[in-house]
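Reader: I have a chain in front of me and some terms I do not trust yet. Can we go through them one by one?

Author: Yes, show it and ask.

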Amino acid sequence: MVRAAERAVRTSVWLEGKVRRGGRGGGQPSGLDRDRITEVTVRLLDAEGLAKFSMRRLAAELHVTAMSVYWYVDTKDDLLELALDAAYGELTLPDPDTDEDWREQLRTLATEYRSLLVRHPWLSPLAGTFLNIGPNSLAFSRVMQLVIRKTGLPVHGLTGAISLVFQFVYGYGTIEGHFIARCTEAGMTQDEYFQHAMSAVTRSPEAAEIVKENEEIMAARGGDTVEEMRARDFTFALDLLIAGIEAMTDKPR
């Protein structure tokens with residue numbers, strides 16, 4: 001029971017002094033280092049998904065033995081946490097110290113985060129598993145906090161606003177990423193899969209009635225492709241979010 005509890009509250013590879021260690025002494029495989037291992041891990045997770053990832057599969061891709069990988073990381077979880085932060089390093093972050101309007105900076109952050117979640121569908125479950133205190137993740141969180149501070153919201157409302165942005169984009173990007181993954185697995189484009197799904201749904205009388213009721217809404221949304229429809233929804237939802245923040249800054253404190 002104690003060991004199970006210890007695993008459940010595992011801290012982070014970033015707190016255990018492991019990330020600075022190049023290996024465990026002499027004898028490490030030549031041509032291999034932690035950056036390369038992490039890079040290949042990200043590539044494998046993108047190609048095959050989190051469920052199929054294993055240290056043995058990674059070692060085969062690197063053309064080394066599984067034990068060779070353990071010169072550089074102690075556990076699979078350590079490696080996944082390193083891969084998670086490496087993905088966060090792809091984000092292009094605005095400079096909160098400039099005079100650029102906070103609304104545009106918030107749009108940039110939200111759009112970047114959404115794109116990251118879509119590119120890496122494995123990221124969202126890992127983000128909910130680890131503490132996310134690697135350098136790239138912390139840089140993202142810091143910029144988000146500084147941009148939200150520029151809104152003029154009262155201090156007691158800053159964490160709520162940050163949660164609003166994070167959770168909205170996290171949910172939107174996660175669902176979008178999973179949808180694209182299903183399309184890929186089915187060997188269909190997003191539009192083909194959408195039409196296939198809608199055709200299946202309308203064979204259910206109850207579902208068909210709901211779809212019929214939503215026809216006007218769907219038509220008004222616009223967009224010729226699934227990607228266009230999703231982009232318009234995201235933009236409008238983000239505008240609503242920003243408008244809500246603006247409304248709260250105008251309220252008496």
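Reader: What makes E176 and R114 a salt bridge?

Author: This is a predicted model, and the answer is a distance computed in it. The closest N and O atoms of E176 and R114 are 2.8 Å apart. The cut-off is 4 Å between a side-chain nitrogen of Lys or Arg and a carboxyl oxygen of Asp or Glu, so the pair qualifies.

Reader: Why is this pair said to tie parts of the chain together?

Author: E176 lies in helix α9 (residues 158-186) and R114 in helix α6, so the pair joins parts that are 62 residues apart in sequence.

Reader: Which salt bridge does E176 form with an N to O distance of 3.5 Å?

Author: The one with R230. A distance of 3.5 Å is within 4 Å, so this pair is a salt bridge by the rule. R230 sits in helix α13 (residues 226-250), and E176 in helix α9 is 54 residues away from R230 along the chain.

Reader: Is R114 buried or exposed, and how do you know?

Author: The relative accessible area of R114 is 13%. Buried means under 20%, so R114 is buried. E176 is buried as well, and R230 also has that label.

Reader: What does R114 touch, apart from its neighbours within four places in sequence?

Author: R114 is in contact with V169, Y172, G173, E176, R230, A231 and F234. Both E176 and R230 are on that list.

Reader: What makes E104 and R107 a pair within one helix?

Author: Both lie in helix α6 (residues 102-119), three residues apart, which is about one turn of the helix. Their closest N and O atoms are 2.9 Å apart, and they form a salt bridge.

Reader: Why are E104 and R107 called partly exposed?

Author: The label covers values from 20% to 50%. E104 has a relative accessible area of 39%, so E104 falls in that range. R107 comes to 25%, so R107 is partly exposed too.

Reader: How many salt bridges does the rule give?

Author: The count comes to 10 salt bridges. Some residues are linked in a network of them: R43, E48, R57 and E61.

Reader: What is odd about the phi of H63?

Author: The phi of H63 is positive, about 60°, although H63 is not a glycine. H63 is in the loop between α3 (55-62) and α4 (66-69).

Reader: Why is H63 called exposed?

Author: H63 has 72% relative accessibility. Exposed means over 50%, so the label applies to H63.

Reader: Which residue in the loop between α7 (123-127) and α8 (135-149) has a positive phi?

Author: N132, which is found in that loop. Phi of N132 is near 60°, and N132 is a residue other than glycine.

Reader: Is N132 buried or exposed?

Author: The relative accessible area of N132 is 18%. That value is under 20%, so N132 is buried.

Reader: What makes L123 a buried residue?

Author: L123, in helix α7, has a relative accessible area of 0%. The limit for buried is under 20%, so L123 meets the definition. Not counting residues up to four places away in sequence, L123 touches L84, A87, Y88, L116 and L117. The C-alpha atoms of L123 and E81 are separated by 10.0 Å, and these two residues are 42 residues apart along the chain.

Reader: Which residues make up the patch of negative charge on the surface?

Author: They are D191, E192, D224, E227 and E228. Helices α10 (190-201) and α13 each give two or more residues to the negative patch.

Reader: What makes D191 accessible enough for a patch?

Author: D191, in helix α10, has 33% relative accessibility. A patch residue needs over 30%, so D191 passes that test. D191 still counts as partly exposed, because 33% is between 20% and 50%.

Reader: What does the chain consist of as a whole?

Author: The chain has 13 helices and zero strands. Buried residues make up 35% of its 253 residues.

Reader: How much of the contacts comes from residues 24 or more positions apart?

Author: Such residues account for 71% of the contacts in the chain with a separation of 6 or more. The accessible surface is about 14,600 Å², and 55% of it belongs to carbon and sulfur atoms.

Key. Residues numbered from 1 in each chain as written. Predicted model: local features only at pLDDT ≥ 70, side-chain atom pairs only at ≥ 80, totals over all residues. Heavy atoms only, no water. Helix = DSSP H or I, 4+ residues; strand = E, 2+ residues; numbered from the N terminus. Buried < 20%, exposed > 50% of the residue type's maximum accessible area, 1.4 Å probe, protein only. Patch = residues over 30% accessible without salt bridge, like charges linked within 9 Å, V, L, I, M, F, W, Y side chains within 5 Å. Areas by Shrake-Rupley, 256 points an atom, 1.4 Å probe, with all protein chains shown as cover. Lys, Arg positive; Asp, Glu negative; His and termini not counted. Charge placed at Lys NZ, Arg CZ, Asp CG, Glu CD. Contact = heavy atoms within 4.5 Å.
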